[in-house]
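Biologist: I'd like to go through this model with you, one label at a time. Whenever you use a term, tell me what earns it.

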Amino acid sequence: MAFNYLKLLVFFGVYVRKVSNCLNVRQLVVSPFMKNLEEKILAQLRCGTCFLLPEVCLCSLIPNLNLSTKVSLIIHKLEMNRSSNTGRLALKALPNSAMIIRGLKNDTPDLSQLFDDEYETLLLYPSDDSIELTEDFVKGIKKKIQLIVPDGNWGQARKVHTRHKELANIKRVMIQRKGIDRQYLRKPHAENGMSTLQAIAYALGMIEGEAVQDQLLKLYNEKLTRTLRHYRRGQK
Ligand SMILES: [Zn+2]
């Protein structure tokens, strides 16, 4: 019932937007108000994992990849509900994963809780001292690997890299982005930026093999396609 009511509001919003376009008053009055209203309604309707609307939700396509490599995602609270977020899709696909939330008031997480002797822990972050993650590098590691991955924009990722002193001695690794698809859900803030799900896919491709990489990239491409299709439809 509530869902139908919200859908009705969305259709009403689209109708008003089209009429206002015809009357040429959209930029003056209607646009800011309707955009705000539409965004609030859409945020309520979106799936909490893939952030797509129910009719295009892709959660049934998320693979279940039970890997020995652990992925620990450090996510900023502002990133938790962004529709462009892909980190939460990665968590859903990877049972051996964990999420730690940053940016909560008066609650700075102690990331040393992630350290576990069972794993060789690596921070996935491109910095001057980062080592390129290659098959040879991975062969030199005798333990299982834990990848710590900062999720969010580059400002937020940089804060994980610089502010959490407990990570000071953790090896930084990066992905060489030669030939990597440059289409994004959001504009990266650094030259070698890519979405969180892409970064995890390429890193796990080196550690766990191409089949894992391919499944995660397929998921990313599906998210990208469905998001862009919805966005373009909204522009008409
Ligand atoms: Zn979903």
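Biologist: What makes you say that strand β5 (residues 144-151) is mostly covered?

Modeller: Seven of its eight residues are buried. A residue is called buried if 20 or more other C-beta atoms lie within 10 Å of its own, exposed if 12 or fewer, and partly exposed in between, with C-beta atoms placed from the backbone. One caution: this is a predicted model, where local features need pLDDT of at least 70, side-chain atom pairs count only at pLDDT 80 or more, and totals for chains, interfaces and linings use all residues. Numbering starts from 1 along each chain as its sequence is written.

Biologist: And why is β5 called a strand?

Modeller: Strands here are DSSP runs of E with at least two residues, while helices are runs of H or I with at least four, and both are numbered from the N terminus. β5 has eight residues, so β5 clears the cut-off of at least two. The protein comes to seven helices and six strands.

Biologist: How do you know that β1 (residues 70-76) and β5 pair?

Modeller: Two strands pair if DSSP finds at least two bridges between them. β1 and β5 have six bridges, in the parallel sense, so they meet the rule of at least two. One example is Leu73, whose bridge partner in β5 is Val149. β3 also runs parallel to β5, joined by five bridges, and there Thr121 has Gln146 as its bridge partner in β5.

Biologist: Which order do the strands take in the sheet?

Modeller: The six strands form an open sheet, β2-β1-β5-β3-β6-β4, with parallel pairing. What makes β2 (97-102) and β4 (131-132) edge strands is that each pairs on one side only. Helix α5 (residues 154-163) packs on this sheet and touches β1, β2 and β5, its direction making about 130° with that of β5. Helix α6 (residues 196-208) packs there too, touching β1, β3 and β5, at about 165° to the direction of β5. Those angles run from 0 to 180 degrees between N-to-C directions, using axes that are lines fitted to C-alpha atoms, for helices over the stretch in contact.

Biologist: What makes a group of residues a nonpolar core?

Modeller: The members must be buried Ala, Val, Leu, Ile, Met, Phe, Trp, Tyr or Cys residues, joined through C-beta atoms within 7 Å. The largest one here has 43 residues, and Ala90, Leu124, Ile200, Ala203 and Leu216 touch the most other members. Helix α6 gives the most to this core, with nine residues. Take Ala203: beyond its neighbours within four places in sequence, Ala203 is in contact with Leu124, Leu133, Leu147 and Ile175. "In contact" is the label for C-beta atoms, placed from the backbone, that lie within 7 Å.

Biologist: Why is Gln215 called partly exposed?

Modeller: Gln215 has 18 other C-beta atoms within 10 Å. That value falls between 12 and 20, so Gln215 is partly exposed. Gln215 sits in helix α7, and its contacts outside four places in sequence are Pro63 and Leu65. The C-alpha atoms of Gln215 and Pro63 are 7.1 Å apart, although 152 residues separate them along the chain.

Biologist: How do you know how far to trust the model?

Modeller: Look at pLDDT, the predictor's confidence in each residue, from 0 to 100. The average is 82, and 75% of the residues score at least 70. Among the elements, helix α1 (residues 2-23) has the lowest mean, 61, and strand β3 (residues 119-124) the highest, 96. Over residues 188-192 pLDDT stays under 50. Where pLDDT is low, the predicted coordinates should not be read in detail.

Methods. Two residues are in contact if their C-beta atoms, placed from the backbone, lie within 7 Å.
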